Each structure stands twice: as C-alpha cells, then as structure tokens.
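Reader: I am new to this structure and would like a close look at a single part of it. Please choose a residue in the interior and work outwards from there.

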Amino acid sequence: MVQELSTADETLWLGNKKPYYFFGPCSAESREQVMETAKGIAANFDQVIFRAGIWKPRTRPGTFEGVGVKGLDWLKEVKETFGFKITTEVATAKHLEACLKAEMDVVWIGARTTVNPFSVQEIADALEGVQIPVFVKNPIYPDLSLWLGAIERIQKAGIKQVGVIHRGFQLQDNGPYRNNPFWDLAIRLRSKYPNIPMICDVSHISGTPDLLEHVAQKAIDLDMDGLMIETHVFPEKALSDSQQQVNPELLNQIVAQLTPKNKVSTNAAFKTNLERLREQIDLVDDELLEKLAVRMQLAKQIGIDKKQNNVTILQIERWKRTLERSLKNGTSLGLSTKFLEGMLHLIHDESIRKQTDSLE
Ligand code: PEP
Ligand code: MN
C-alpha cells in the first residue's frame, strides 16, 4: 500500500515512498536469524528500514540483553544483500560510536532512554559534528515535555534529520494494549512539530499480533509517516518480545489489509461538502464557547453568594446529581460516557476554580 510521492515534502528524507516501513526483529540473535528475516521481508517489500536491537534495555538482569557489536556486522550484511537501510537503538555514547563506525543509516533512542535527560544529553554530545537521522521514541510515561526535551537536545546537537516514534505509554489502564496508544499526546506533538516525521511502533503498542492491523490502520488514518512492526523468521523462538512478533508472511498479509489514506482529495463534491460542514462546525464551536462563558459567569455568581453565606464551595451531593443528570441526557443524545465524564469533570474543575478565585 505504498504511495510514491514526488512533491517536496519535508518529511521525505528517508525515501520517496510512504509509509516508511521499519521492519525487522526485536533483537538480532544470530546471523542466520537476521538474514532469514530480512530475506522473508525482501520477498514482499523493497524500501525498508531494517530494524534489530543490538543492545536490549531489559528491566531485570539475567534476561537476554542483546548480542552487542557483533550484531552490527549482520545488519551491514542485510544492507549489502537486500539494499535496505539499517537501524538500531542507541542508549549510550558508546553505542552511537559503534553505530557510526558500522555505517548505520538511522539510529533511534528508546523509551527507557528518553525518560532520562542525562542519557539523552550524553547521546546528543556524541552527535556533535556528525549527521545521521535520529528517531526519538516517546518516553514510557505520558510526559510530553520529556519527549519534546529529548527531541530538542538532539536538534541542538545539530542533527537535521530528526524523527519521532510513537510506541504508546504505560498508563494505569492500558485497555487491550501492551502500551496505551494515548493518541491525543501524539497528536499534540504533531501539532507542535508538523514537519518531524512520526512513525508508529505498532508492535510495542499492540503487544500481540491480533491488534497490529487495527493499530496500524489507526496510525495511517492519523496521517503518520511510517510503521514499525517487529518481524522475526520464527517469532515463537524469539529471545525478546516473542509474543508480539510476526513472521514475514503474516507481516505481508497485515500490510496488504491496510487502506492507504490521502491528505487531500480531488473530488470537487467532497471538497464543497467538507467546507460547508466545517463552516457549520465553526458556528457550533462559537456557540459552545459562548454557552461555556455564560455557565462560568453563573458559577462565579454562586461563588459570591456562597461566600456571603459562609457555605462550602464544593457541594458533593449537588455535583453528583449534576453529573448523573448530564450523563443521562448526554448518552441519550448519543454522546459516549467516556467523553461526557472527561468533559463534565473539566467544566466542574473550572467552575470550582472560578468560585475559589471569587473568594480572593
Ligand atoms: C524495541 O523497539 O525493541 C524497544 C525496546 O522499544 P521501546 O524502547 O519502545 O520499549
Ligand atoms: Mn521489542
């Protein structure tokens, strides 16, 4: 489902086809495993950035921690044999130096490293004076500033080709996912840096092959620039992330199922209709804001009255009734409970703030 692009798109520095495909095993385990996996992928894909972890950040010692520098030779062989670009994760300046020596095309900074500004700065210092594309995975926790901070440290080191990888977050509730995609946060990063390519690490979000197609399609619908999918010639024998890897045949089947999406359409009727609907949305948004302002004014007046009568601001019984009432009304209008709860809590928090301010 690759799209050939000829326009001057600022995010096209990894090739002229999108989405960028970052395929390959979680870890390089042996020369044979790496080469056989690459061969399987090459049967169906040409423009691939072949990934394999060489140094694996593991939570506890004693588990497989990667094969180390010898794996770099196997990646080099993949590049020579199949013409793929190659990439691996770097967590220290030493890793980076070894990658530069091995002529790695791209490196990425992992989620456990992005959380630590000292480690990111160490890598940034080692990047001074060199040019290599660097992708920054989101930190494990949903902290946008940590992610932005890591990107900015790499940019400050003079790296021009910086990308990001959305691999999901560890939240209290991850739903069916290994890491909660929390798409909102990825969208916020996109709005801040629209020209930085964003890859979706579908495997680390999904944690299981069953969810890969759904997550990959969602990433495409959100206009992400590429997909990272862990691929292993024998997933069941993998030394890391065995439960989420797919073999090259299944990878091909999943990618074949995806529907490509365009940024724009040439269909005139669609465009006119879209414009008309958006005008209506703008009007509704204006009305919503006006109504919210009125609501806040009313809350403020109540705050003044409560103060004069020595009554507490928080009236939990009233809040519970308001919430129940609006949830009932909202759901009967077709709005989801999750959305309503989020919105109503935000509104109530702001009302409390307004009433507290009116005490000062
Ligand atoms: C990986 O890509 O194999 C990996 C360790 O990912 P993350 O840093 O997202 O956990
Ligand atoms: Mn992995």
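Author: A residue is called buried here when its relative accessible area is under 20%, with a 1.4 Å probe and protein chains only. The model is a predicted one. Trp147 has a relative accessible area of 0%, so Trp147 is buried. The account starts from this residue.

Trp147 belongs to helix H6, which spans residues 144-156. Its ring is paired with that of Phe169: the two centres are 6.3 Å apart and the planes meet at 75°. Planes over 60 degrees apart count as edge-to-face, so this pair is edge-to-face. Phe169 is not in a helix or strand but in the loop between strand E8 (162-166) and helix H7 (183-192). The pair therefore ties together parts that are 22 residues apart in sequence. Phe169, like its partner, is buried, and its relative accessible area is 0%.

Trp147 has a place in the largest nonpolar core, a set of 72 residues. Within that core, Trp147 is one of the residues that touch the most other members, along with Phe23, Phe50, Leu127, Ile151, Ile154 and Leu227. Helix H6 supplies the largest share of the core, with 6 residues. One of the well-connected members, Ile151, can be followed further. Leaving aside residues up to four places away in sequence, Ile151 touches Val136, Val162, Val164, Leu189, Tyr193 and Ile196. Apart from this core there is another of 11 residues, including Leu12, Leu14, Ile49 and Ile165.

Phe23, another of the well-connected core members, leads to a second ring pair. The whole structure holds 9 aromatic pairs. In one of them, the ring centres of Tyr21 and Phe23 are 4.8 Å apart and the planes lie at 20°, so the pair is stacked. Phe23 counts as buried because its relative accessibility is 0%. Tyr21 is buried too, at 2%. A separate aromatic grouping is the single cluster made by Trp13, Phe22 and Phe135.

Tyr193, already met as a contact of Ile151, has a charged residue over its face: Lys192 is placed there, at 5.5 Å from the ring centre. A similar arrangement involves Phe234, where the charged end of Lys237 sits over the ring, 4.7 Å from its centre.

Next comes the metal site. Ligand 2 is a manganese ion, and its protein donors are Cys26 (SG), His204 (NE2), Glu230 (OE) and Asp241 (OD), at 2.1 to 2.4 Å from the ion. Along the chain these donors follow the spacing C-x177-H-x25-E-x10-D. Two of them show how distant parts of the chain are linked: His204 is in helix H8 (residues 202-206) and Glu230 is in strand E10 (residues 226-230), 26 residues apart. With a relative accessible area of 0%, Glu230 is buried. His204 has 8% relative accessibility and so counts as buried.

Helix H9 (residues 212-221) brings the account back to the packing around H8 and E10. Its buried residues are Leu212, Val215, Ala216, Gln217, Ala219 and Ile220. They pack against H7, strand E9 (198-201), H8, E10 and helix H10 (248-257). Just after H9, Asp223 has a positive phi of about 65°.

Now for the setting of these parts. The domain assignment divides the protein into domain 1 (7-257) and domain 2 (268-357). The centres of the two domains, taken over C-alpha atoms, are 41 Å apart. For a look at the later part of the chain, take Ser351 in helix H13 (residues 337-357). Ser351 has 6% relative accessibility, so it counts as buried. Its contacts, not counting residues up to four places away in sequence, are Arg295, Met296 and Ala299.

Over the whole protein there are 13 helices and 10 strands. The C-alpha atoms fill a box of roughly 80 × 50 × 40 Å along the principal axes. Of the 360 residues, 45% are buried. Among contacts between residues at least 6 apart in sequence, 69% join residues at least 24 apart.

Definitions and conventions
Residues numbered from 1 in each chain as written. Chains lettered and ligands numbered in written order. Predicted model: local features only at pLDDT ≥ 70, side-chain atom pairs only at ≥ 80, totals over all residues. Heavy atoms only, no water. Domains from an automatic or database assignment. Donors = N, O, S within 2.8 Å, 3.2 Å for Na, K, Ca; no water. Helix = DSSP H or I, 4+ residues; strand = E, 2+ residues; numbered from the N terminus. Buried < 20%, exposed > 50% of the residue type's maximum accessible area, 1.4 Å probe, protein only. Phe/Tyr/Trp six-rings, centres within 6.5 Å; stacked < 30°, edge-to-face > 60°. Lys NZ or Arg CZ within 6 Å of the ring centre and 35° of its normal. Contact = heavy atoms within 4.5 Å. Core = buried A, V, L, I, M, F, W, Y, C linked by side-chain atoms within 4.5 Å.
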